[in-house]
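Trainee: Please teach me how to read this model, beginning with the bound molecules and then moving on to the domains and the backbone.

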Amino acid sequence: MKRALITGITGQDGRHLSEHLVHQGYRVCGLLRGQQNPKRALVEREVPDVELLDGDLTDQVSLINALQKSRPDEVYNLGAMSFVTLSWKQSELTGNVTGLGALRMLEAIRNVQGSTLSGHTEPGIKFYQASSSEMFGRAHEVPQSERTLFHPRSPYGVAKVFAHYITVNYRESYGMFACSGILFNHEGPRRGPEFVTRKISRSVARIKLGLEDSMTLGNIEAKRDWGYAGDYVKAMHLMLQQEQPDDYVIGTGQSHSVREFAEHAFAHVGLDWRKHVRIDTDLLRPAEVDLLEADPSKARAALGWAPEVTFDDLVRMMVDADLENERPKA
Ligand code: NAP
Ligand code: G4F
């Protein structure tokens with residue numbers, strides 16, 4: 001039985017990935033932070049087979065302990081402060097968790113494998129780093145591939161660039177089996193309500209049910225390459241099953257604006273978005289990422305990976321799930 005340790009187990013991807021790995025026959029451990037983490041119950045309910053271990057990406061000893069307890073074949077580092085807007089307000093903490101957290105985990109792996117600073121690590125524990133299309137930021141070309149220059153536009157993006165390159169560096173310096181998945185936006189009913197897709201699907205449901213009348217948005221012209229999280233975690237797993245470690249762009253290859261997402265979501269319940277959406281300039285970001293669109297051809301060719309859920313399916317899935325969540329219980 002293979003074993004995996006996942007950081008960020010309480011997040012959208014952690015819950016999808018742990019489900020996928022349990023289904024593949026893995027024994028899965030998840031790193032849980034804090035003494036009263038309110039999401040513990042959610043993970044226990046959704047993925048009861050996962051064993052939760054205490055730890056925090058800002059505390060290296062806790063990472064070493066978690067590795068010693070779980071003895072994983074594969075580590076998936078999904079833990080991060082992942083909300084871009086918050087990264088301007090808590091930039092130092094973002095750098096510490098999202099950037100240095102990856103370095104701490106890589107060093108913890110070297111520590112438990114008994115390697116020295118100058119020595120090469122046996123490619124024992126395989127490592128996956130959750131890199132992000134946010135690293136492309138003010139994108140130098142469209143679409144973006146593994147060869148596109150990075151130009152991050154937020155403290156979050158900058159922290160992810162550090163985590164990405166330290167992963168590449170540990171692969172090159174110590175021979176570690178370390179991969180980065182450069183994932184474009186992926187969503188679904190488990191998406192946090194602070195992100196724009198879920199904010200829209202939730203508001204659409206509440207407006208349809210008569211619980212609210214309107215919602216606010218910031219920059220509705222921003223374009224993203226949106227896919228379904230359940231599809232994307234399969235690519236993470238596939239990367240660690242290859243002969244050689246490498247980095248891969250994961251996305252659909254199609255982009256849509258926030259405006260289009262809202263249009264589709266309101267239309268799905270028979271409403272006109274223009275009657276319910278107000279623009280709030282306070283929601284604009286200090287520096288915006290205007291257009292992200294993936295070139296996932298390397299992942300298609302090398303991993304045999306392709307997304308299954310279309311943009312239209314994704315919007316419908318999220319709105320339908322929120323109609324169910326928001327419907328007053330009898
Ligand atoms: P998410 O739902 O925001 O989950 C983030 C996870 O990180 C949570 O489990 C959170 O735990 C954990 N975390 C936060 N601070 C931590 C700390 N100090 N120590 C340990 N864990 C900590 O994010 P997601 O959407 O699942 O994304 C997973 C990863 O992929 C993240 O690294 C994200 O940056 C990256 N990514 C996401 C996307 C996307 O579109 N979803 C695209 C590219 C890359 P708590 O619940 O305790 O806060
Ligand atoms: O949904 P968002 O907050 O996601 P963003 O910034 O693209 O980041 C997400 O995807 C990244 C991958 O590229 C991940 F690495 C990251 O962790 C996260 O998962 O915003 C999407 C777009 C932005 O351009 C934003 O300005 O939507 C625009 N937007 C317009 N109104 C809004 C809103 N975003 C939010 N969150 N809330 C609004 O009201």
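Trainee: Which atoms of Ser-82 lie 2.6 Å from an oxygen atom of ligand 1?

Mentor: A pair of N or O atoms within 3.5 Å is called a polar contact; within protein, one must be able to donate a hydrogen and the other to accept it, and residues adjacent in sequence count only if both atoms are side-chain atoms. Here an N or O atom in the side chain of Ser-82 lies 2.6 Å from an oxygen atom of ligand 1. This is a predicted model, in which local features need pLDDT of at least 70 and side-chain atom pairs count only at pLDDT 80 or more, whereas totals for chains, interfaces and linings use all residues. Residues are numbered from 1 along each chain as its sequence is written, chains are lettered from A and ligands numbered from 1 in the order in which they are written, and side-chain values use heavy atoms, with hydrogens and water left out.

Trainee: How many residues surround ligand 1, and which backbone atoms approach it?

Mentor: A residue is near a molecule if one of its heavy atoms lies within 4 Å of it. By that rule 26 residues surround ligand 1, and the closest are Thr-10, Asp-13, Arg-33, Ser-82 and Tyr-156. From the backbone, an N or O atom of Leu-57 is 2.9 Å from a nitrogen atom of ligand 1, while a polar atom of Ala-80 is 3.0 Å from an oxygen atom of the ligand.

Trainee: What comes nearest to ligand 2?

Mentor: Around ligand 2 there are 23 residues, of which Ser-132, Ser-133, Tyr-156, Arg-285 and Glu-288 come nearest. A polar backbone atom of Ser-82 lies 2.7 Å from an oxygen atom of ligand 2. Nitrogen atoms of ligand 2 are also approached by the backbone, at 2.9 Å by an N or O atom of Glu-194 and at 2.8 Å by a polar atom of Gly-218.

Trainee: How should I read the boundary between domain 1 and domain 2, and what area is buried there?

Mentor: The size of an interface is often given as the accessible area lost when the parts come together. Buried area is the accessible area (1.4 Å probe) that two parts lose on being put together, summed over both. Domain bounds come from an automatic or database domain assignment, which here gives domain 1 (3-186 + 227-250) and domain 2 (192-224 + 254-292 + 308-326). The contact (heavy atoms within 4.5 Å) takes 19 residues from domain 1 and 14 residues from domain 2, and the area buried is about 1500 Å², with 61% from carbon and sulfur atoms. Four residue pairs are in polar contact across this interface (both at pLDDT 80 or more).

Trainee: Where does a salt bridge join Arg-40 and Glu-44?

Mentor: Side chains of opposite charge can pair when their charged atoms come close. The rule for a salt bridge asks for a side-chain nitrogen of Lys or Arg within 4 Å of a carboxyl oxygen of Asp or Glu, and it gives a count of 18, with zero between domain 1 and domain 2. One of them joins the side chains of Arg-40 and Glu-44 (3.2 Å, N to O). Both residues lie in helix H2 (residues 40-46), four residues apart, about one turn of the helix; helices here are DSSP runs (H or I, at least four residues), as strands are (E, at least two), numbered from the N terminus.

Trainee: Which peptide bond is cis, and what is phi of Arg-71 near?

Mentor: Most residues other than glycine have a negative phi, and most peptide bonds are trans. The bond from Val-142 to Pro-143 is cis, with omega near -5 degrees, and Pro-143 sits in the loop between strand S5 (126-132) and helix H6 (155-174). Phi of Arg-71 is positive, near 40 degrees, and Arg-71 is in the loop between helix H3 (60-70) and strand S4 (74-77).
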